[in-house]
Amino acid sequence: MKIQNVDFDSYYSEFLKELENIEDLSSLNQLKGKFIGRKGKINELFKNLKDLEPQGRKVIGGKLNELKEKISFLLEKKAQEIKARAQTERTVDLSLPGKRSWCGSFHPLTITLRQIIEIFQTLGFRVEEGPEIETEYFNFEALNIPADHPARDEQDSFYLEDNFLLRTHTSPAQIRVMQKYQPPIKVIVPGKCFRRDAFDATHSPMFHQVEGLVVAEKISMGDLKGTIQVFTKRLFGEEREVRFRPSYFPFTEPSCEVDISCGVCGGEGCRSCGYSGWLEIMGAGLVHPQVLRNGGYDPERFRGFAFGMGVERIAMLKYGIPDIRWFYNNDVRFLDQFKTFR
Ligand code: 2NL
């Protein structure tokens, strides 16, 4: 195109029209290149000035310069507007990677304790609690544990002043339950217990127990066996065998220990069950007449069965945890493996 024929006004209005649609700096830069860049339209026209005689060159060159300056001014003004807007507007960069949200989990002991409680509740048990600081009477005497029993050694319990101590089991809370309610009663008592043990893979100075107590007019060893068998199979699975083995506790007579078949070898015998095929999960028995009497019940009229289990031990067997200390270290790599949505 000959420079003499160029319509500067339509050039300018074309620029204005395109400028109007521009929202961001990179398109603004493209527009700048198109009109006033080195290879832009105005520069092309400047190159053609040499074809004109001096007078025309002066007039048209002046017009071109004026046009270039107007365009540059508007481009700069638009750039300022875009920058100011970017500062006040929240911009979302959809190309950035997302942030993974951190989801917490319940402690394995919480999960285990809740499962134990839920099973017993469906069997009609109420949940009761008692104090962690107890008297020697409720912790030992009332449970038929004699003064010369090794469990009462100062080395084995955390004694406080004036015959108080940290309870060594949840049983004292069950004596309190008997004193508070008349039979029939059907309760479980979960809670913290304390013994003066050094930490090792299977011992901790603080641990959790769940004890159960049922007292009514006609209670037999059959009630105990049926209840514990149902509980055990619901917690560990129907395929696990349950075995009752004679034992001794001062507060029950007769007493037994409850074993389940090993989940690793199915009862064949392996390293995890000490080659016996069985794993001990709790102690139980019929409540000793003297203990019923200490609870305020007439042993001629009422009988009871009771049982006790360690929550840590149950959780270790259920999840295959080899060391009790893992429950208290609060290592997220351990805790993070117990995601449940209950
Ligand atoms: C075990 C054994 C047991 C009980 C706890 C109990 C409570 C009262 C009366 C009679 Cl008030 N018995 N509790 C009975 C037998 C065994 O626990 O090895 N626990 C981890």
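Which helices and strands each supply at least two residues of the shell around the ligand? Keep that one in mind, everyone, and thanks for coming. Before I answer, please remember that this is a predicted model.

Here is the answer. One helix and three strands qualify: α7, at residues 171-180, together with β5 at 206-216, β8 at 278-287 and β9 at 303-310. Of these, β9 gives the largest share of the shell, with 4 residues.

Let's stay with the ligand for a moment. It has 17 residues around it, and the closest are Glu211, Phe251, Gly283, Ala306 and Gly308. Two of those names come back when we look at the ligand's nitrogen atoms. From Glu211, a polar side-chain atom sits 2.5 Å from a nitrogen atom of the ligand. From Gly308, a polar backbone atom is 3.1 Å from a ligand nitrogen. How much of the ligand does the protein bury? On its own the ligand exposes 490 Å², and 89% of that is buried by the protein. As for the character of the shell, 10 of its residues are nonpolar, 6 are polar and 1 is charged.

Now let's step back to the whole chain. The assignment gives us domain 1, covering 3-89, and domain 2, covering 108-341. Between their centres, taken over C-alpha atoms, there are 88 Å. There is also a record to mention here: UniProt, in an unreviewed entry, places the feature "domain: Aminoacyl-transfer RNA synthetases class-II family profile" at residues 118-337. In the model, that stretch is 25% helix and 30% strand, and its end C-alpha atoms are 22 Å apart.

On to the sheet. In what order do its 7 strands run? The order is β1-β4-β5-β9-β8-β7-β6, in an open sheet with mixed pairing. At the edges we find β1, residues 126-127, and β6, residues 242-249, each of them pairing on one side only. If you have the structure open, follow the sheet inward from β6. β6 and β7 make a hairpin with 2 residues between them. They run antiparallel and are joined by 7 bridges, and one pair to look for is Ser247 with its partner Ser255 in β7. Carrying on, β7, at residues 252-261, is antiparallel to β8, with 8 bridges joining them. Here you can pick out Cys256, whose bridge partner in β8 is Ala284. And β8, as you'll recall, is one of the strands that supply at least two residues to the ligand's shell.

I'd like to finish with some backbone geometry, since I know this group likes its torsions. Most peptide bonds are trans, and most residues other than glycine have a negative phi. So where should we look for departures from that? The peptide bond from Pro183 to Pro184 is cis, with omega near 5 degrees. Pro184 is in the loop between α7 and β4, the latter being residues 185-194. Glu253 and Pro254 are also joined by a cis peptide bond, with omega about 0 degrees. This time the proline, Pro254, lies in a strand, namely β7. For phi, have a look at Asn144: its value is near 70 degrees, which is positive in a residue other than glycine. Asn144 belongs to the loop between α6, residues 136-139, and β3, residues 164-166.

That's my tour, and I'm happy to go back to any part of it.

Definitions and conventions. Residues are numbered from 1 along each chain as its sequence is written. This is a predicted model: local features need pLDDT of at least 70, side-chain atom pairs count only at pLDDT 80 or more; totals for chains, interfaces and linings use all residues. Side-chain values use heavy atoms; hydrogens and water are left out. A residue is near a molecule or strand if one of its heavy atoms lies within 4 Å of it. A polar contact is a pair of N or O atoms within 3.5 Å; within protein, one must be able to donate a hydrogen and the other to accept it, and residues adjacent in sequence count only if both atoms are side-chain atoms. Accessible areas come from the Shrake-Rupley method with a 1.4 Å probe; for residues, only the protein chains shown count as cover. Ala, Val, Leu, Ile, Met, Phe, Trp, Tyr, Cys and Pro count as nonpolar, Asp, Glu, Lys and Arg as charged, and the others, Gly among them, as polar. Domain bounds come from an automatic or database domain assignment. UniProt positions are given in the numbering used here, feature names are shortened, and annotations may be inferred rather than shown by experiment. Two strands pair if DSSP finds at least two bridges between them.
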